[in-house]
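Hello,

Here is the structure I promised to pass on to you. Have a look at it first, and then read my notes below.

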Amino acid sequence: MGFKIFVVAMMVGFIAAAQISLASTVPAFLWAPGFSSVESKESVNYQIMSPKDLANSVLSQGGWSDLLCSERKNERPVDLAVVFVGRELHSSDVAGNKHADPALLNLLKDSFTKSNFSMAFPYVATSEEETMENLLVSSFKEACGHGLGVANVAFLESCSIEGGDFQKLANLHSVHDHLVSRMEKRTKGETDLVVLCHGGFQSLKELDQPFPESEILTEVMSSVEQSGAKYAALYVSDPFKSIHYPGYRELERFLADDTAKNGSASPKVCDEVCQLKSSLLEGVLVGIVLLLILVSGLCCMMGIDTPTRFEAPQEN
(Lines give C-alpha, C1' and ligand atoms only; values in the text may rest on other atoms or scores of the structure.)
Protein backbone atom coordinates (compact mmCIF):
# COMPACT_ATOMS: atom_id res chain seq x y z
CA MET A 1 0.00 0.00 0.00
CA GLY A 2 2.79 2.40 0.91
CA PHE A 3 4.62 1.66 -2.35
CA LYS A 4 1.48 2.47 -4.38
CA ILE A 5 1.07 5.78 -2.58
CA PHE A 6 4.73 6.56 -3.30
CA VAL A 7 4.28 5.77 -7.00
CA VAL A 8 1.16 7.94 -7.24
CA ALA A 9 2.94 10.79 -5.48
CA MET A 10 5.88 10.51 -7.88
CA MET A 11 3.55 10.56 -10.89
CA VAL A 12 1.76 13.63 -9.56
CA GLY A 13 5.13 15.28 -9.01
CA PHE A 14 6.29 14.54 -12.54
CA ILE A 15 3.04 15.87 -13.99
CA ALA A 16 3.29 19.02 -11.91
CA ALA A 17 6.91 19.48 -12.96
CA ALA A 18 5.93 19.07 -16.60
CA GLN A 19 3.17 21.66 -16.23
CA ILE A 20 5.56 24.08 -14.56
CA SER A 21 8.10 23.51 -17.34
CA LEU A 22 5.48 24.20 -20.00
CA ALA A 23 4.30 27.30 -18.16
CA SER A 24 7.82 28.74 -17.82
CA THR A 25 8.99 28.08 -21.39
CA VAL A 26 8.03 29.77 -24.64
CA PRO A 27 8.07 28.71 -28.30
CA ALA A 28 10.22 30.08 -31.12
CA PHE A 29 9.81 29.69 -34.89
CA LEU A 30 12.29 30.37 -37.67
CA TRP A 31 11.29 30.48 -41.31
CA ALA A 32 12.75 31.83 -44.54
CA PRO A 33 10.92 31.81 -47.90
CA GLY A 34 13.42 31.26 -50.69
CA PHE A 35 16.25 30.50 -48.26
CA SER A 36 18.08 27.49 -49.71
CA SER A 37 21.52 27.73 -48.11
CA VAL A 38 20.78 24.80 -45.80
CA GLU A 39 19.67 21.31 -46.68
CA SER A 40 16.94 20.65 -44.12
CA LYS A 41 13.50 22.06 -44.90
CA GLU A 42 11.57 21.51 -41.67
CA SER A 43 12.99 20.55 -38.29
CA VAL A 44 11.88 20.69 -34.65
CA ASN A 45 14.23 20.88 -31.68
CA TYR A 46 12.47 19.55 -28.57
CA GLN A 47 15.28 20.36 -26.15
CA ILE A 48 14.74 22.94 -23.41
CA MET A 49 17.23 25.68 -24.27
CA SER A 50 18.22 29.09 -23.03
CA PRO A 51 17.93 32.23 -25.18
CA LYS A 52 21.69 32.04 -25.77
CA ASP A 53 21.35 28.44 -27.02
CA LEU A 54 18.50 29.57 -29.24
CA ALA A 55 20.66 32.30 -30.76
CA ASN A 56 23.49 29.84 -31.38
CA SER A 57 21.09 27.35 -33.01
CA VAL A 58 19.66 30.08 -35.23
CA LEU A 59 23.17 31.08 -36.30
CA SER A 60 24.53 27.58 -36.88
CA GLN A 61 21.54 25.41 -37.85
CA GLY A 62 19.39 28.21 -39.22
CA GLY A 63 22.13 29.66 -41.39
CA TRP A 64 21.98 33.15 -39.87
CA SER A 65 25.74 33.15 -39.37
CA ASP A 66 25.98 33.85 -43.11
CA LEU A 67 23.61 36.79 -42.63
CA LEU A 68 24.82 38.42 -39.41
CA CYS A 69 28.46 37.36 -39.12
CA SER A 70 29.85 36.43 -42.51
CA GLU A 71 32.07 38.88 -44.34
CA ARG A 72 31.15 37.41 -47.70
CA LYS A 73 28.47 40.00 -48.50
CA ASN A 74 28.15 39.10 -52.16
CA GLU A 75 27.03 35.58 -51.27
CA ARG A 76 24.34 36.42 -48.69
CA PRO A 77 21.05 34.78 -49.67
CA VAL A 78 18.65 37.28 -48.05
CA ASP A 79 18.44 41.05 -47.64
CA LEU A 80 16.64 41.29 -44.31
CA ALA A 81 16.62 39.39 -41.00
CA VAL A 82 13.54 40.08 -38.88
CA VAL A 83 13.26 39.23 -35.17
CA PHE A 84 9.74 39.56 -33.74
CA VAL A 85 9.34 39.19 -29.97
CA GLY A 86 5.74 38.46 -29.03
CA ARG A 87 4.02 38.63 -25.65
CA GLU A 88 1.22 36.08 -25.85
CA LEU A 89 2.33 32.48 -26.40
CA HIS A 90 3.56 29.88 -23.92
CA SER A 91 4.83 26.43 -24.81
CA SER A 92 1.54 24.94 -23.60
CA ASP A 93 -0.35 27.09 -26.13
CA VAL A 94 1.36 25.32 -29.03
CA ALA A 95 0.18 21.99 -27.65
CA GLY A 96 -3.46 23.02 -28.10
CA ASN A 97 -4.31 25.37 -25.24
CA LYS A 98 -7.72 26.96 -25.81
CA HIS A 99 -6.58 30.29 -24.35
CA ALA A 100 -4.17 30.97 -27.22
CA ASP A 101 -5.07 33.21 -30.16
CA PRO A 102 -6.01 30.83 -33.01
CA ALA A 103 -5.21 33.49 -35.62
CA LEU A 104 -1.66 33.82 -34.32
CA LEU A 105 -1.16 30.05 -34.18
CA ASN A 106 -2.49 29.61 -37.72
CA LEU A 107 -0.23 32.40 -38.99
CA LEU A 108 2.86 30.80 -37.46
CA LYS A 109 1.79 27.37 -38.72
CA ASP A 110 1.35 28.62 -42.28
CA SER A 111 4.68 30.45 -42.20
CA PHE A 112 6.38 27.31 -40.88
CA THR A 113 4.89 24.88 -43.40
CA LYS A 114 4.91 27.03 -46.53
CA SER A 115 8.49 28.28 -46.32
CA ASN A 116 11.39 26.61 -48.08
CA PHE A 117 13.23 26.41 -44.77
CA SER A 118 11.77 26.41 -41.26
CA MET A 119 12.70 25.40 -37.72
CA ALA A 120 10.71 25.22 -34.49
CA PHE A 121 11.92 25.44 -30.89
CA PRO A 122 8.94 24.63 -28.63
CA TYR A 123 10.76 24.98 -25.29
CA VAL A 124 12.84 28.11 -24.77
CA ALA A 125 13.46 29.14 -21.17
CA THR A 126 13.00 32.80 -20.33
CA SER A 127 15.03 35.03 -18.06
CA GLU A 128 13.67 37.20 -15.26
CA GLU A 129 16.67 39.55 -15.39
CA GLU A 130 16.90 40.46 -19.08
CA THR A 131 14.48 40.79 -21.93
CA MET A 132 14.41 38.22 -24.69
CA GLU A 133 15.35 40.72 -27.39
CA ASN A 134 18.40 41.94 -25.47
CA LEU A 135 19.56 38.37 -24.82
CA LEU A 136 19.20 37.43 -28.49
CA VAL A 137 21.03 40.48 -29.86
CA SER A 138 23.84 40.21 -27.31
CA SER A 139 24.17 36.48 -28.04
CA PHE A 140 24.33 37.19 -31.77
CA LYS A 141 27.11 39.75 -31.20
CA GLU A 142 29.00 37.40 -28.88
CA ALA A 143 28.76 34.43 -31.24
CA CYS A 144 29.89 36.49 -34.23
CA GLY A 145 33.06 37.40 -32.36
CA HIS A 146 33.66 40.82 -33.89
CA GLY A 147 30.14 42.17 -33.52
CA LEU A 148 27.32 42.07 -36.02
CA GLY A 149 28.38 42.21 -39.65
CA VAL A 150 25.13 43.74 -40.93
CA ALA A 151 24.69 47.00 -42.76
CA ASN A 152 21.94 48.42 -40.56
CA VAL A 153 20.30 47.49 -37.23
CA ALA A 154 16.93 48.95 -36.27
CA PHE A 155 14.58 48.13 -33.43
CA LEU A 156 11.21 49.30 -32.17
CA GLU A 157 11.17 51.68 -29.20
CA SER A 158 9.16 49.16 -27.17
CA CYS A 159 12.15 46.80 -27.30
CA SER A 160 14.69 46.89 -24.49
CA ILE A 161 18.15 46.50 -26.05
CA GLU A 162 21.31 47.70 -24.34
CA GLY A 163 24.39 49.05 -26.08
CA GLY A 164 25.03 49.67 -29.72
CA ASP A 165 24.26 52.61 -31.96
CA PHE A 166 21.00 51.24 -33.34
CA GLN A 167 18.26 53.05 -35.20
CA LYS A 168 14.96 53.37 -33.29
CA LEU A 169 11.54 53.02 -34.90
CA ALA A 170 8.49 54.65 -33.31
CA ASN A 171 5.54 52.70 -34.71
CA LEU A 172 4.28 50.44 -37.47
CA HIS A 173 4.32 53.22 -40.06
CA SER A 174 7.96 53.92 -39.23
CA VAL A 175 8.74 50.25 -39.73
CA HIS A 176 7.13 50.27 -43.18
CA ASP A 177 8.95 53.48 -44.19
CA HIS A 178 12.24 52.06 -42.91
CA LEU A 179 11.88 48.89 -44.95
CA VAL A 180 11.09 50.80 -48.14
CA SER A 181 13.94 53.24 -47.55
CA ARG A 182 16.48 50.52 -46.84
CA MET A 183 15.40 48.59 -49.93
CA GLU A 184 16.25 51.65 -52.04
CA LYS A 185 19.55 52.45 -50.30
CA ARG A 186 20.83 48.94 -49.63
CA THR A 187 23.62 47.78 -51.89
CA LYS A 188 23.84 44.27 -53.25
CA GLY A 189 25.00 41.70 -50.75
CA GLU A 190 24.14 43.71 -47.60
CA THR A 191 21.81 42.39 -44.91
CA ASP A 192 19.79 44.45 -42.42
CA LEU A 193 18.55 43.38 -39.00
CA VAL A 194 15.19 44.60 -37.65
CA VAL A 195 14.03 43.76 -34.12
CA LEU A 196 10.33 44.30 -33.32
CA CYS A 197 8.57 43.80 -30.00
CA HIS A 198 4.84 43.59 -29.48
CA GLY A 199 3.70 46.30 -27.08
CA GLY A 200 4.65 49.40 -29.01
CA PHE A 201 1.75 49.24 -31.46
CA GLN A 202 -1.44 51.03 -30.41
CA SER A 203 -4.80 51.01 -32.11
CA LEU A 204 -5.74 54.30 -33.78
CA LYS A 205 -9.39 53.97 -32.77
CA GLU A 206 -8.90 52.91 -29.18
CA LEU A 207 -5.62 54.13 -27.74
CA ASP A 208 -6.03 52.00 -24.63
CA GLN A 209 -6.38 48.81 -26.66
CA PRO A 210 -3.29 47.49 -28.47
CA PHE A 211 -3.50 45.65 -31.74
CA PRO A 212 -3.73 41.85 -31.51
CA GLU A 213 -0.38 40.21 -32.02
CA SER A 214 -1.59 38.27 -35.04
CA GLU A 215 -2.56 41.49 -36.84
CA ILE A 216 0.77 43.13 -36.02
CA LEU A 217 2.76 40.17 -37.30
CA THR A 218 0.62 40.03 -40.44
CA GLU A 219 1.19 43.73 -41.12
CA VAL A 220 4.92 43.39 -40.57
CA MET A 221 5.24 40.42 -42.91
CA SER A 222 3.08 42.20 -45.48
CA SER A 223 5.34 45.27 -45.33
CA VAL A 224 8.41 43.08 -45.74
CA GLU A 225 6.95 41.30 -48.76
CA GLN A 226 5.78 44.57 -50.33
CA SER A 227 9.29 45.98 -50.06
CA GLY A 228 10.50 43.14 -52.29
CA ALA A 229 13.27 42.08 -49.93
CA LYS A 230 14.31 38.49 -49.47
CA TYR A 231 13.94 37.83 -45.77
CA ALA A 232 14.34 35.38 -42.93
CA ALA A 233 12.16 35.75 -39.84
CA LEU A 234 12.49 34.62 -36.23
CA TYR A 235 9.48 34.69 -33.92
CA VAL A 236 9.98 34.13 -30.20
CA SER A 237 7.56 34.76 -27.37
CA ASP A 238 8.35 36.53 -24.11
CA PRO A 239 5.03 36.94 -22.27
CA PHE A 240 6.60 37.40 -18.83
CA LYS A 241 8.18 40.70 -19.81
CA SER A 242 4.80 42.21 -20.67
CA ILE A 243 4.32 42.64 -16.93
CA HIS A 244 7.82 43.71 -15.89
CA TYR A 245 8.56 45.84 -18.96
CA PRO A 246 5.41 47.60 -20.21
CA GLY A 247 5.55 49.84 -23.23
CA TYR A 248 6.68 53.36 -22.45
CA ARG A 249 3.45 54.82 -23.86
CA GLU A 250 1.28 52.73 -21.53
CA LEU A 251 3.47 53.63 -18.57
CA GLU A 252 3.44 57.33 -19.44
CA ARG A 253 -0.35 57.30 -19.85
CA PHE A 254 -0.80 55.48 -16.56
CA LEU A 255 1.39 57.96 -14.66
CA ALA A 256 -0.39 60.92 -16.26
CA ASP A 257 -3.84 59.58 -15.38
CA ASP A 258 -2.75 58.78 -11.83
CA THR A 259 -1.30 62.29 -11.37
CA ALA A 260 -4.47 63.89 -12.69
CA LYS A 261 -6.66 61.85 -10.37
CA ASN A 262 -4.53 62.63 -7.34
CA GLY A 263 -4.53 66.32 -8.16
CA SER A 264 -8.28 66.62 -8.65
CA ALA A 265 -9.53 64.34 -5.89
CA SER A 266 -9.55 65.48 -2.28
CA PRO A 267 -7.51 63.42 0.18
CA LYS A 268 -9.57 60.81 2.04
CA VAL A 269 -9.50 60.94 5.85
CA CYS A 270 -10.76 58.17 8.15
CA ASP A 271 -13.44 59.80 10.33
CA GLU A 272 -14.93 58.56 13.64
CA VAL A 273 -17.24 56.04 11.95
CA CYS A 274 -14.32 54.69 9.91
CA GLN A 275 -12.15 54.36 13.00
CA LEU A 276 -14.98 52.59 14.88
CA LYS A 277 -15.45 50.10 12.06
CA SER A 278 -11.73 49.44 11.84
CA SER A 279 -11.53 48.86 15.60
CA LEU A 280 -14.45 46.43 15.48
CA LEU A 281 -12.90 44.60 12.56
CA GLU A 282 -9.60 44.30 14.40
CA GLY A 283 -11.41 42.94 17.46
CA VAL A 284 -13.29 40.37 15.39
CA LEU A 285 -10.07 39.19 13.74
CA VAL A 286 -8.29 38.90 17.11
CA GLY A 287 -11.25 36.98 18.52
CA ILE A 288 -11.22 34.54 15.59
CA VAL A 289 -7.51 33.91 16.08
CA LEU A 290 -7.95 33.30 19.83
CA LEU A 291 -10.90 30.98 19.13
CA LEU A 292 -8.81 28.95 16.68
CA ILE A 293 -6.04 28.66 19.25
CA LEU A 294 -8.54 27.51 21.89
CA VAL A 295 -10.11 24.90 19.63
CA SER A 296 -6.68 23.62 18.60
CA GLY A 297 -5.63 23.29 22.24
CA LEU A 298 -8.82 21.41 23.18
CA CYS A 299 -8.36 19.02 20.27
CA CYS A 300 -4.79 18.32 21.33
CA MET A 301 -5.85 17.66 24.93
CA MET A 302 -8.63 15.33 23.82
CA GLY A 303 -6.18 13.42 21.70
CA ILE A 304 -3.96 12.57 24.68
CA ASP A 305 -4.76 9.05 25.99
CA THR A 306 -4.45 9.60 29.73
CA PRO A 307 -5.72 6.67 31.88
CA THR A 308 -8.60 7.48 34.21
CA ARG A 309 -7.42 5.12 36.96
CA PHE A 310 -4.06 4.14 38.27
CA GLU A 311 -3.30 0.85 39.95
CA ALA A 312 -2.32 0.96 43.59
CA PRO A 313 1.26 -0.02 44.33
CA GLN A 314 1.55 -3.65 45.40
CA GLU A 315 2.93 -4.34 48.85
CA ASN A 316 5.80 -6.79 49.14
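Let me begin with a term you will meet throughout: helices (H or I, at least four residues) and strands (E, at least two) are DSSP runs, numbered from the N terminus. By that rule, Asn152 sits in strand β5 (residues 152-156).

Please keep in mind that this is a predicted model, in which local features need pLDDT of at least 70 and side-chain atom pairs count only at pLDDT 80 or more, while totals for chains, interfaces and linings use all residues. Residues are numbered from 1 along each chain as its sequence is written, and side-chain values use heavy atoms, with hydrogens and water left out.

**The overall picture**

The protein chain has eleven helices and eight strands. Of its 316 residues, 35% count as buried, where buried means under 20% relative accessible area, exposed means over 50%, and partly exposed lies in between (1.4 Å probe, protein chains only). A contact means heavy atoms within 4.5 Å. Among contacts between residues at least 6 apart in sequence, 80% join residues at least 24 apart. The chain exposes about 19600 Å², and carbon and sulfur atoms supply 58% of that area. Accessible areas come from the Shrake-Rupley method with a 1.4 Å probe, and for residues only the protein chains shown count as cover.

**The core**

Which residues have the most contacts inside the largest nonpolar core? They are Trp64 and Leu68, in a core of 65 residues. A nonpolar core here is a set of buried Ala, Val, Leu, Ile, Met, Phe, Trp, Tyr and Cys residues joined through side-chain atoms within 4.5 Å. Not counting residues up to four places away in sequence, Trp64 touches a list of residues that includes Leu30, Val58, Phe140 and Leu234.

Helix α2 (residues 51-60) is a good place to look next; Ser57 is found there. Pro51, Leu54, Ala55, Ser57, Val58 and Leu59 are buried in α2, and the buried residues of this helix pack against β1 (25-32), α3 (65-68), β4 (117-125), α6 and β8. Ser57 counts as buried because its relative accessibility is 9%. Leaving aside neighbours within four places in sequence, Ser57 is in contact with Met49, Gly62 and Phe121.

**Links between distant parts of the sequence**

Back to Asn152, which counts as buried because its relative accessibility is 16%. Its C-alpha atom is 4.9 Å from that of Asp192, although the two residues are 40 residues apart along the chain. Beyond neighbours within four places in sequence, the contacts of Asn152 include Gln167, His178 and Arg182.

Leu179, in helix α7 (residues 172-185), is another buried residue, at 5% relative accessibility. It lies 9.0 Å from Leu80, C-alpha to C-alpha, with their positions 99 residues apart in sequence. Apart from neighbours within four places in sequence, Leu179 is in contact with Leu80, Val194, Ser223, Val224 and Ser227.

**Salt bridges**

How many salt bridges does a search of the whole structure find? It finds five, counting a side-chain nitrogen of Lys or Arg within 4 Å of a carboxyl oxygen of Asp or Glu. One of them joins Arg87 and Glu133 (3.7 Å, N to O). Arg87 lies in the loop between β3 (80-86) and α4 (91-94) and Glu133 in helix α6 (residues 132-144), so this pair ties together parts that are 46 residues apart in sequence.

Asp238 also forms a salt bridge with Arg87, with the closest N and O atoms 3.7 Å apart. Asp238 lies in the loop between β8 (231-237) and α9 (241-244), so this pair ties together parts that are 151 residues apart in sequence. Both Asp238 and Arg87 are buried. Through shared partners, salt bridges join Arg87, Glu133 and Asp238 into one network. Another salt bridge links Arg182 and Glu190 at 3.9 Å between the closest N and O atoms, and both of these residues are buried.

**On the surface**

Leu281, Val284, Leu285, Ile288 and Leu292 make a nonpolar surface patch of about 480 Å². Patches are made of residues with over 30% relative accessible area and no salt bridge; like charges are joined within 9 Å, and nonpolar side chains (Val, Leu, Ile, Met, Phe, Trp, Tyr) within 5 Å. Val284 is in helix α11 (residues 272-302) and counts as partly exposed because its relative accessibility is 48%.

The unreviewed UniProt entry annotates residues 284-304 as "transmembrane region". UniProt positions are given in the numbering used here, feature names are shortened, and annotations may be inferred rather than shown by experiment. In the model, residues 284-304 are 90% helix and 0% strand, and the end C-alpha atoms are 31 Å apart.

Enjoy exploring!
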